[in-house]
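Got the model open in your viewer? Let's walk through it one selection at a time.

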Amino acid sequence: MSDGPHLPGRFAGQVVVITGAATGIGRATAVRFGSEGARVGCLDIEDAENNSTAALAAAAGGETLALRCDVRSRHEQQSAFRAVVDRWGQIDVLVTSAGMYVGGPLPDIPLDRWENLVSVNLTGVLTANSLVAPIMIGQGQGSIINISSMAGKTSWPNSAEYSATKSGVIGLTRSAAMELGPHGITVNAVCPGNTLTAMVAKVAEEIGASLDMTGAEWLEMRANDTALKRLAQPEEIAGVIAFLASADARYLTGQAIEVDGGLVLS
Ligand SMILES: NC(=O)c1ccc[n+]([C@@H]2O[C@H](COP(=O)([O-])OP(=O)(O)OC[C@H]3O[C@@H](n4cnc5c(N)ncnc54)[C@H](O)[C@@H]3O)[C@@H](O)[C@H]2O)c1
């Protein structure tokens, strides 16, 4: 299924930074912004895939910069944002897509696994927001889109860790929206339902196995749980992210938008 019409020039002259740009939703978002004229900073730890994303976004029409950045490191994030500002002079849009999934029964959660997940999914988002905020305050405008999950709004067994981090992203998004609103900055979260990326393939295998199902069976069950009876393509999440960054969404802030095909209706 193809995504909606791209609007060439919608983000002309704007600078977009995306964490977790190498694959999945981050990559689709980089390509979307590139195709609409943005200059796109792609941050990730997977260099080869991240370079491919930058090449795809450039081929789509944008100017791009691929930067190695582990979101667990404040120093690496700071260096990456500085490199983007050195190159293009501003940051208009921040998308925090870097994330990972781990799950399992509550009694079996090792503390080091929890701490690593929190450092990527939650501290990584907080750090990005807090480093980019002063840049956007200086500009008097900007838009931050944090990628949460439907797991941040609702919960399932064996997902306490992931749900906790994704609920945390919604909480920090609301507070940041209140704090940064007076400076003309919008802050929203996007809560995707199951989206066909490498992450969901791993999730399907793991959770499917715990339910005596194959990964494919679990995905089919999840698709049937939605009103639309299918899972999302990453481009469909990217389209909503681009809308939130656009002038059409300038009075929209502090929201956690469910892009889940109607999952919560079931
Ligand atoms: N796919 C889904 O069904 C789904 C649903 C809801 C929310 N999400 C969220 O969407 C976001 C993107 O996930 P995706 O499905 O595109 O998965 P993905 O695995 O394709 O992409 C995640 C990206 O984050 C990068 N990353 C991981 N750890 C990092 C780190 N420490 N520093 C920098 N980059 C790092 C990975 O290298 C990868 O490129 C995640 O935050 C995820 O939790 C995904």
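Which residues of strand E4 point one way, and which the other? Select residues 93-96: Val93 and Val95 point one way, Leu94 and Thr96 the other way, and all are buried. Buried here means that 20 or more other C-beta atoms lie within 10 Å of the residue's own; exposed means 12 or fewer, partly exposed is in between, and C-beta atoms are placed from the backbone. Helices (H or I, at least four residues) and strands (E, at least two) are DSSP runs, numbered from the N terminus. In a regular strand the side chains alternate between the two faces of the sheet.

A quick word on the ground rules. This is a predicted model, where local features need pLDDT of at least 70 and side-chain atom pairs count only at pLDDT 80 or more, while totals for chains, interfaces and linings use all residues. Residues are numbered from 1 along each chain as its sequence is written.

**Around E4**

Keep E4 on screen and add strand E1 (residues 15-19): these two pair in the parallel sense over 4 bridges. Pairing means that DSSP finds at least two bridges between the strands. Click Val17 and you'll find that its bridge partner in E4 is Leu94. Now add E5, which also pairs with E4 in the parallel sense, over 4 bridges. Here Val95 stands opposite Ile145. Bring in helix H4 (residues 111-139), and you have a right-handed β-α-β unit made of E4, H4 and E5. Right-handed means that, with the strands pointing away from you, the path from the first strand over the helix to the second runs clockwise.

**Two domains and a ligand**

Next, colour by domain: domain 1 is 15-193 + 233-260 and domain 2 is 196-231, with bounds from an automatic or database domain assignment. Their centres, taken over C-alpha atoms, are 24 Å apart. Where they touch, 10 residues of domain 1 are in contact with 10 of domain 2, contact being C-beta atoms, placed from the backbone, within 7 Å.

Where does the ligand sit? Both domains give residues to the shell around the ligand, so it lies between them. Of the 28 residues around the ligand, Gly20, Gly24, Gly99, Thr197 and Met199 come nearest; a residue is near if its C-beta atom, placed from the backbone, lies within 6 Å. Show helix H1 (24-35) and helix H6 (198-210) too, as each supplies at least two residues of the shell. By class, the shell has 13 nonpolar, 11 polar and 4 charged residues. Nonpolar covers Ala, Val, Leu, Ile, Met, Phe, Trp, Tyr, Cys and Pro, charged covers Asp, Glu, Lys and Arg, and the others, Gly among them, count as polar.

**Two backbone oddities**

Most residues other than glycine have a negative phi. Jump to Asn158, in the loop between strand E5 (142-147) and helix H5 (160-180), where phi is near 65°. Asn158 is partly exposed, with 18 other C-beta atoms within 10 Å. Then try Asp212, in the loop between H6 and helix H7 (215-224): its phi is positive too, about 60°. Asp212 is exposed, with 7 other C-beta atoms within 10 Å.

**Last stop**

Finish at Val264, in the segment after strand E7 (256-259). Beyond its neighbours within four places in sequence, Val264 is in contact with Thr154 and Glu258. Draw a distance from its C-alpha to that of Gly193, 71 residues apart along the chain, and you should get 9.3 Å.

Note on methods:
Two residues are in contact if their C-beta atoms, placed from the backbone, lie within 7 Å.
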